[in-house]
Amino acid sequence: MNQNMAAAMELRCWGGDWGLPSVHTESLIVLAYTKFAGAKVTVSPVDWTWKTLTATVPELLCGDSAVQEPTPIVNFLRKQRFNADFELSARQGADTMAYIALLEEKLRPALLHTFWVDAENYANLTRPWFASRSPFPLNFLVPPRHANIALSRILLTKGEAPLHRITEVEGKIYSDAKECLNLLSYRLGTENYFFGNSPTSLDAFVFGFVAPLYKAGLPSSPLQSHLRQLDNVTRFCDNILAVYFSSDHPYG
């Protein structure tokens, strides 16, 4: 497809706050990847619309195509020649897939728990945020729906029967997440990005997973305290925000 003839692309996602272009991990991954790959997209937040209950975000609309979820969206963008990974070796490509799987398995359950299951965080930060961005009467429905989905996903990821109480797996969830953050910190070392001087899809995924945990004003989070001690990982987030998002209108 000739670049000049490329269809306009629209990205539907949750909006931004806490100094982030989106508070939502999957939306952040795609927003970062479009920046890294130089893809021009029109961002349409679902905030304050009736889609807050039903939308699967992020969703990329392009011509007749509607693509959902980060990995299919990244693959779709690559096919349009927006590829942030073209310089990666086969080994680095395999590493990327392994690290993304690690984030999904080890870090996601703790993020879901931190924002949606931890009672104090949910009552003081998550529920009010999502309720305030959903129109009446959806403001009563959206947060509990997300919380229920989060709980099911955690128990599913941990391979536990739903009969297990969440409290029985909490300890393991958080120790796995800390281990994952330590591994990311070790792998990043003193570099700006995970594979040298320019960011790739792995950087987009790590940013999407880590930035909300780093930036949210969580009333209670040992995991956030742990992350904030990993200077290179927080610097990595700040660097991406400064280089790729500072020219956008200020968020939250």
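Reader: What makes Cys-62 unable to form a disulfide in this structure?

Author: In this predicted model, the closest cysteine sulfur to that of Cys-62 belongs to Cys-13 and is 16 Å away. A disulfide requires the two sulfur atoms to be within 2.5 Å, so the pair is too far apart for a bond.

Reader: What is known of Cys-180 in this respect?

Author: Cys-180 is in no disulfide; its nearest cysteine sulfur, that of Cys-237, is 13 Å away. The structure as a whole holds zero disulfides.

Reader: Why is Cys-62 called buried?

Author: The relative accessible area of Cys-62 is 7%. Buried means under 20%, and therefore Cys-62 is classed as buried. Cys-180, at 1% relative accessibility, also counts as buried.

Reader: How do you know whether Thr-34 is buried or exposed?

Author: Thr-34 has 3% relative accessibility; the limit for a buried residue is under 20%, so Thr-34 counts as buried. Thr-34 lies in helix H1, residues 25-37. Beyond its neighbours within four places in sequence, Thr-34 is in contact with Ala-39, Val-41 and Leu-77.

Reader: Why is Phe-140 called exposed?

Author: Its relative accessible area is 58%. Exposed means over 50%, so Phe-140 is exposed. Phe-140 lies in helix H6, residues 138-157, and forms a nonpolar surface patch with Phe-136 and Leu-141, with about 380 Å² of accessible area together.

Reader: What makes the peptide bond between Phe-136 and Pro-137 cis?

Author: Omega of that bond is about 0°. Pro-137 is placed in the loop between helix H5 (119-132) and H6. The bond from Val-57 to Pro-58 is also cis, with omega near 0°; Pro-58 is found in the loop between helix H2 (51-54) and strand S3 (59-62).

Reader: What is notable about phi of Arg-81, and is the residue buried or exposed?

Author: Phi of Arg-81 is near 70°, a positive value in a residue other than glycine. Arg-81 sits in the loop between helix H3 (70-79) and helix H4 (90-117). With a relative accessible area of 60%, set against the cut-off of over 50%, Arg-81 is therefore exposed.

Reader: Where does Trp-18 lie, and why does Trp-18 count as buried?

Author: Trp-18 lies in the loop between strand S1 (9-13) and H1, and its phi is near 60°, a positive value in a residue other than glycine. Its relative accessibility is 18%; because buried means under 20%, Trp-18 counts as buried.

Methods:
Residues are numbered from 1 along each chain as its sequence is written. This is a predicted model: local features need pLDDT of at least 70, side-chain atom pairs count only at pLDDT 80 or more; totals for chains, interfaces and linings use all residues. Side-chain values use heavy atoms; hydrogens and water are left out. Buried means under 20% relative accessible area, exposed over 50%, partly exposed in between (1.4 Å probe, protein chains only). Helices (H or I, at least four residues) and strands (E, at least two) are DSSP runs, numbered from the N terminus. Contact means heavy atoms within 4.5 Å. Patches are made of residues with over 30% relative accessible area and no salt bridge: like charges are joined within 9 Å, nonpolar side chains (Val, Leu, Ile, Met, Phe, Trp, Tyr) within 5 Å. Accessible areas come from the Shrake-Rupley method with a 1.4 Å probe; for residues, only the protein chains shown count as cover. A salt bridge is a side-chain nitrogen of Lys or Arg within 4 Å of a carboxyl oxygen of Asp or Glu.
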